[in-house]
Amino acid sequence: MNGGAGDAASTAAVPEPLEWKFAQVFGEPAAGEEVQEVDIISAIEFDKTGNYLATGDRGGRVVLFERTDNRDNGPRRRDLERMDYSISKHPEFRYKTEFQSHEPEFDYLKSLEIEEKINKIRWCQTVNGALFLLSTNDKTIKLWKVQEKKLKKVCNMNIDPSNTMGNGTVTSHETSLQARCRRIYGHAHDYHINSISNNSDGETFISADDLRINLWNLEISSQSFNIVDVKPTNMEDLTEVITSAEFHPNHCNMLAYSSSKGSIRLVDLRQSALCDNHSKLFEVQEASGSRSFFTEIIASISDVKFAKDGRHILSRDYMTLKLWDINMDSGPVATFQVHEYLRPKLCDLYENDSIFDKFECCLSGDGLRVATGSYSNVFRVFGCSEGSTEAATLEATRNPMRRQAPTPSKPSRSLGLTRVVKRGTDNSGADTNGNSLDFTTKLLHMACHPTENSLAIAASNSLYMYYA
């Protein structure tokens with residue numbers, strides 16, 4: 001989705017639908033093995049290079065994976081694409097290390113126990129070969145440095161007991177990975193942290209809870225600056241809360257945050273120290289007479305992501321994915337139906353609290369595809385270039401193509417300036433194969449590789465990798 005003059009992307013050939021294949025799985029339980037609550041993955045993130053992947057779990061652990069397949073030998077990927085060769089070898093990752101990022105905390109002021117569950121992980125810039133990343137639970141953010149350390153193995157060759165100098169000979173050097181907590185950013189949020197996001201300046205980041213967004217300097221953990229505050233004078237007047245926030249990938253003065261009312265606000269930090277006013281507002285106007293008890297609940301946005309080009313924003317609400325052009329605030333340029341067949345079941349979903357599940361979303365590095373999760377270990381991938389009808393339904397198993405999407409409906413266009421595409425719609429009352437849904441197996445967390453057609457999917461305690 002390149003935003004050049006004349007929108008050259010719209011005139012380009014529509015990409016062929018991809019065939020997703022299984023690459024790897026980590027932590028897959030054996031048949032009959034009971035999954036422990038602390039092992040369930042709660043956060044997942046590629047670094048900017050795509051060479052490292054981090055996951056966090058409900059037990060407060062961070063696990064790092066490293067790319068192992070050699071991409072430097074032989075023709076480069078770009079050269080292969082020019083020569084119309086296919087790349088058969090899929091990206092391979094290996095377990096690198098893990099560390100305990102968070103422990104259970106206790107808020108003495110409110111007499112509440114704070115879980116150690118990792119809510120978000122964000123990679124920072126690599127410095128001198130050392131890896132840096134931010135992780136957060138509900139209240140406390142930590143900056144971690146992961147670095148290889150060389151350890152000398154010494155053999156003591158001194159046999160004279162009267163010599164206390166301890167003369168010895170270095171026989172070998174061993175390398176070990178050490179994770180060290182460099183900073184702890186705490187005591188800045190009254191409500192649970194739902195987002196952290198690094199700024200493109202490499203020096204600052206934001207953290208967001210229900211009512212406030214704070215700006216931090218990576219080097220200063222003792223103070224932060226409140227840049228967005230939606231808390232009303234009287235809490236009884238509260239009508240919406242912040243659900244997600246992210247910095248613009250290229251402009252250090254811009255960020256976007258979403259709300260429980262289904263709106264996205266674009267903020268320019270140059271306008272004022274406290275960004276009470278947004279520079280742009282993106283929301284869908286509900287047709288009169290179409291509101292129901294569930295309208296506002298399912299409109300709540302659970303995740304927002306900027307595209308790599310910085311021009312587009314992807315949002316996930318309960319039923320749909322929406323793609324927005326930041327230059328057009330009249331409505332989304334495309335809408336993708338994730339599980340429309342659940343609409344008749346909203347009462348049941350409300351009763352079992354599934355309607356409050358917070359699904360994440362992601363965009364491919366080239367901006368041509370978007371992805372998100374659903375129930376029964378299913379995730380969906382849509383083509384978002386103009387004219388594309390790609391809408392794949394896949395299952396987080398070793399055979400992802402076991403579940404095929406129905407024939408997508410034709411795109412429907414609006415009469416306004418924006419393009420409204422509704423794809424992947426089905427109304428079977430079950431999943432896309434007519435099977436009953438399992439609301440206990442849900443794919444909430446996933447990440448797109450930044451440069452290749454590769455996906456990392458968190459299914460309970462298992463990490464699945466796919467490529468196309």
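1. Accessible area here comes from the Shrake-Rupley method with a 1.4 Å probe. On that basis the chain, a predicted model, exposes about 23,400 Å². Carbon and sulfur atoms supply 48% of this area.

2. The chain has 468 residues, and 49% of them count as buried. For contacts between residues at least 6 apart in sequence, 57% join residues at least 24 apart.

3. The secondary structure of the chain consists of 4 helices and 31 strands. Two parts of the strand content are described below: one sheet and one hairpin.

4. Strands 24, 25, 26 and 27 form an open sheet, in that order, and the pairing is antiparallel. Its edges are strand 24 (361–363) and strand 27 (391–395), each of which pairs on one side only. Neighbouring strands in this sheet are turned by 20° against each other on average, with direction ignored.

5. Within the sheet, strand 24 pairs with strand 25 (residues 369–373) over 3 bridges, in the antiparallel sense. For Cys-361 the bridge partner in strand 25 is Thr-372. Strands of a sheet pair through backbone hydrogen bonds, either parallel or antiparallel.

6. The hairpin is made by strand 12 and strand 13, with 5 residues between them. Strand 12 covers residues 195–198 and strand 13 covers residues 204–208. The two pair in the antiparallel sense over 4 bridges. One of the residues involved is Ser-195, whose bridge partner in strand 13 is Ala-208.

7. Which residue in the turn between strand 12 and strand 13 has a positive phi? That residue is Gly-202, with a phi of about 75°.

Key
Residues are numbered from 1 along each chain as its sequence is written. This is a predicted model: local features need pLDDT of at least 70, side-chain atom pairs count only at pLDDT 80 or more; totals for chains, interfaces and linings use all residues. Side-chain values use heavy atoms; hydrogens and water are left out. Two strands pair if DSSP finds at least two bridges between them. Axes are lines fitted to C-alpha atoms, for helices over the stretch in contact, and angles run from 0 to 180 degrees between N-to-C directions. Buried means under 20% relative accessible area, exposed over 50%, partly exposed in between (1.4 Å probe, protein chains only). Contact means heavy atoms within 4.5 Å.
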